[in-house]
Amino acid sequence: MPTTVPRDDGPVDSLVPYPVGLILDARRVVVVGGGHVAQRRIPQLIAVGAEVVLVSPEVTPAVEGLATAGEITWHRRRFEDADLEGAWYAIASTDDPDVNAAVVAGAERRRVFCVRADDATRATAWTPAVGRHAGVTVAVLGQREPRRSAAVRDEILEGLREGTIVARHQRDRTPGVVLVGGGPGDPDLIAVAGRKALMEADVVVADRLAPRELLGELPADVELVDVAKLPRGRAAQQEEINRILVDRARAGKRVVRFKGGDSFVFGRGFEELEACRAAGVPVTVVPGLTSPITVPGLAGIPVTHRGIAHDFTVISGHLPPGHPESLTDWDAVARLRGTLLLMMAVENAPAIARALLGGGRGPGTPVAVVCDGSMPGERTVFSTLGDLAEDLEREAVKPPAIIVVGEVVAVARGVHAARAARG
Ligand code: SAH
């Protein structure tokens, strides 16, 4: 007789799992129970290519969404022993201990390893706390202490991300350029892929608005090129940047071009991409959180709000309205009813306000100016179109700032809610 599960006794501490990485691509995994445990596990199974069959009379909306999208097969009924036929792996995650026991028993007979969500001592497989970083999978198995496993995993992942656990031989060594958008400034607001690219870089070419703190974390042997220190003049500077990117990549280096926000939102990122392509240098893009949406959001101002603004428009204010090189139709902008998000607009704000007022926007239109978004000195100045020029001057507002024009500003300040409450 083979050993049978469930075991009648035996504390969990006496069970020592043998760790293994299963390759589940195109292999059937049967999940019984469609609650929150399944909701957490199924996306991980899908991500590794498993053929997921779910058996459950009821499921959470998220799990139902996966079934509707055809990402899993869902049998909407109670578990039957035959469900385990053809499975390589099973997960018993119902809230009924008897059903879970039946799943484990059926799996045992077929020699299919089976996780049991409600009682690990009676299972033949345990789910570790899992995370991935730079091609490494970290899996931590604790004894009866899932929170501790998750905490250990998080420590390891953080160490890998931040470079306090250094495994540099793991680095991606392919030469080329990665255009990384760094987000609005707070080092926590960069994409994981962007952080990874930074940790793997041989050369980092950084803009003034790129999150500074992240540059401090770079290993000592990384070459840091500070664009703010390159010769002045926008055109010459851009050519010089393009040349540095291409030269370093051709010399076999991994180069990160590091900017604030997103590289393709008033960031000249596409010019750099074209320069790399023209030179035959491989170039990839990691998007960043762009400031016109993120910075108001951090200040508690939504760019859209139901019943208030159904569109938002992002505009560069680096040229004043009427400037011969301006590509913006300010009369058309003045007629828009949605939210306006003005970038690089502090200097020209008085002229822009005049153009919007002249085009028909009311002087009482609420305005918020969010300066240094996500950075230690972040502050918001509230104003109106009519008073904007005066308020900016009195408050000595300096770039970088996002100027938000529209009723969403009043929503954020609770004006609409207060009005509604008053009836
Ligand atoms: N590529 C960037 C924008 C570069 S243009 C992005 O996607 O966000 C520079 C302008 O962006 C600034 O003049 C300002 O209007 C805005 N900006 C960028 N970061 C900001 C921040 N942290 N706070 C406020 N405005 C910011």
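User: Before we start, what makes a pair of atoms a polar contact within protein?

Analyst: It's a pair of N or O atoms within 3.5 Å, where one must be able to donate a hydrogen and the other to accept it. Keep in mind that this is a predicted model.

User: So what makes the pairing of Lys259 with Glu272 a polar contact?

Analyst: The two side chains come to 3.1 Å, and the cut-off is 3.5 Å, so the pair counts.

User: Why is Lys259 called buried?

Analyst: Its relative accessible area is 2%, and buried means under 20%, so Lys259 qualifies. The residue sits in strand β11 (residues 254–259). Its contacts beyond four places in sequence include Val180, Asp207, Pro211 and Arg268, along with Glu272.

User: On to the ligand. Which backbone atoms make polar contacts with it, and how do you know?

Analyst: A backbone N or O atom of Gly260 is 3.1 Å from a ligand nitrogen. Met344 brings a backbone N or O atom to 3.0 Å from a ligand oxygen, and a polar backbone atom of Ala401 lies 2.7 Å from an oxygen of the ligand. With the limit at 3.5 Å, these pairs pass on distance. Overall, the protein covers 93% of the 540 Å² that the ligand has accessible on its own. Helix α9 (291–298) and strand β17 (401–405) each give two or more residues to the shell.

User: Why say that the ligand lies between domain 2 and domain 3?

Analyst: Because domain 2 (171–289) and domain 3 (292–421) both supply shell residues.

User: What makes up that shell by residue type?

Analyst: Twelve nonpolar, five polar and two charged residues.

Terms used. Residues numbered from 1 in each chain as written. Predicted model: local features only at pLDDT ≥ 70, side-chain atom pairs only at ≥ 80, totals over all residues. Heavy atoms only, no water. Areas by Shrake-Rupley, 256 points an atom, 1.4 Å probe, with all protein chains shown as cover. Helix = DSSP H or I, 4+ residues; strand = E, 2+ residues; numbered from the N terminus. Nonpolar A, V, L, I, M, F, W, Y, C, P; charged D, E, K, R; others polar. Domains from an automatic or database assignment. Buried < 20%, exposed > 50% of the residue type's maximum accessible area, 1.4 Å probe, protein only. Contact = heavy atoms within 4.5 Å.
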